[in-house]
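Biologist: Can you walk me through this model? Short answers, please.

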Amino acid sequence: WQLNITDPVSGNYYPVDSAIVLKEGTTRQLTVVTDRAQGGASLRDGEVELMVHRRLLHDDRRGVGEPLNETGVTGLGLVVTGTHRVILSNGTAGAQLHRSQEQHMTFPSALMFAPLTSSVTQFIASHKTTSQGLQAELPPNVHLVTAMSNSNYASEESVIVRLAHLYEVNEDPVLSQPATVILETLFSHIRLAGCTETTITANQELSKVHRFTWNSTGAAWSAPPATPLRDTRVVLRPMEIRTFTCSYARM
């Protein structure tokens, strides 16, 4: 089979949802962290380019079948802006830097304001000015993806908890190691119990899932089974996402 490349530019563009990385061995690394999905490519050695938005006068033969000439309400074309953070580092520290920046960019703090009708001292005395949802900090390589009520599908005192490991295998000598989270004491205002692991979408218990067995030639590969849930102690391996439904009691 002879590979015939007819679209060397568009055929080498890939979706970038959070970051694009250019490495030179383990000594130098360039990372561009984005705040929204866009196209990215490295068409020449040592070069990275990002396409925040595209406007075409001719079809690019990528499946749309028509030009993407969006002119907007002004007729001058859509204006798309975004935030890009450039990180220069060595290969060892690069993962820790860009993973933390990805979290800040994807999940920024929500700032809310209200008119102040009294003095600051009076407001502090009559209101609760600090609140901590978690009883303790999560491990630095773990992200709490979801914590939401499951009362529509279970009892009123039911919650869905979804946890994710942020790092890939061998991406960081320390942060790529498995991480442990104890669900029972995760939150400061409720105590979890009776946790059951489910599929990622939380619509089926994981123990009741029956995967298809595919006929294949050669050695078949399958993902290693997840570490069993012991009481409410969860072990997350690199790039692993685990979902649980738990009952809770208010503290």
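Modeller: We will take the disulfide, the core, the strand β12 and a surface patch in turn.
Modeller: This is a predicted model, where local features need pLDDT of at least 70, side-chain atom pairs count only at pLDDT 80 or more, and totals for chains, interfaces and linings use all residues. Residues are numbered from 1 along each chain as its sequence is written, and side-chain values use heavy atoms, with hydrogens and water left out.

Biologist: How many disulfides does a search of the whole structure find?

Modeller: One. A disulfide here is a pair of cysteine sulfur atoms within 2.5 Å. Cys-195 and Cys-246 form it, with their sulfur atoms 2.2 Å apart.

Biologist: Which parts of the chain does that pair link?

Modeller: Distant ones. Cys-195 is in strand β10 (residues 190–198), and Cys-246 is in strand β12 (residues 241–250), 51 residues apart. Strands (E, at least two residues) and helices (H or I, at least four) are DSSP runs, numbered from the N terminus.

Biologist: Is Cys-246 buried or exposed?

Modeller: Buried, because its relative accessible area is 2%. Cys-195 is buried too, at 13%. Buried means under 20%, exposed over 50%, and partly exposed in between (1.4 Å probe, protein chains only).

Biologist: New topic. Which residues have the most contacts inside the largest nonpolar core?

Modeller: Val-161, Leu-183, Leu-186 and Leu-192, in a core of 19 residues. Elements giving two or more residues to this core include β8 (158–165), β10 and β12. A nonpolar core is a set of buried Ala, Val, Leu, Ile, Met, Phe, Trp, Tyr and Cys residues joined through side-chain atoms within 4.5 Å.

Biologist: What does Val-161 touch?

Modeller: Leaving out residues up to four places away in sequence, its contacts include Leu-144, Phe-187, Leu-192 and Phe-244. Contact means heavy atoms within 4.5 Å.

Biologist: Back to β12. Where is Ile-241?

Modeller: In strand β12. Ile-241 is partly exposed, with a relative accessible area of 39%. Its C-alpha is 7.1 Å from that of Arg-162, 79 residues apart along the chain.

Biologist: And what about Ala-249?

Modeller: Ala-249 is also in β12, and is partly exposed at 43%. Beyond its neighbours within four places in sequence, Ala-249 is in contact with Ile-190 and Arg-191.

Biologist: Last one. Which residues make the nonpolar surface patch?

Modeller: Leu-116, Val-120, Phe-123 and Ile-124, covering about 360 Å². Patch residues have over 30% relative accessible area and no salt bridge; nonpolar side chains (Val, Leu, Ile, Met, Phe, Trp, Tyr) are joined within 5 Å, like charges within 9 Å. A salt bridge is a side-chain nitrogen of Lys or Arg within 4 Å of a carboxyl oxygen of Asp or Glu. Areas come from the Shrake-Rupley method with a 1.4 Å probe; for residues, only the protein chains shown count as cover.
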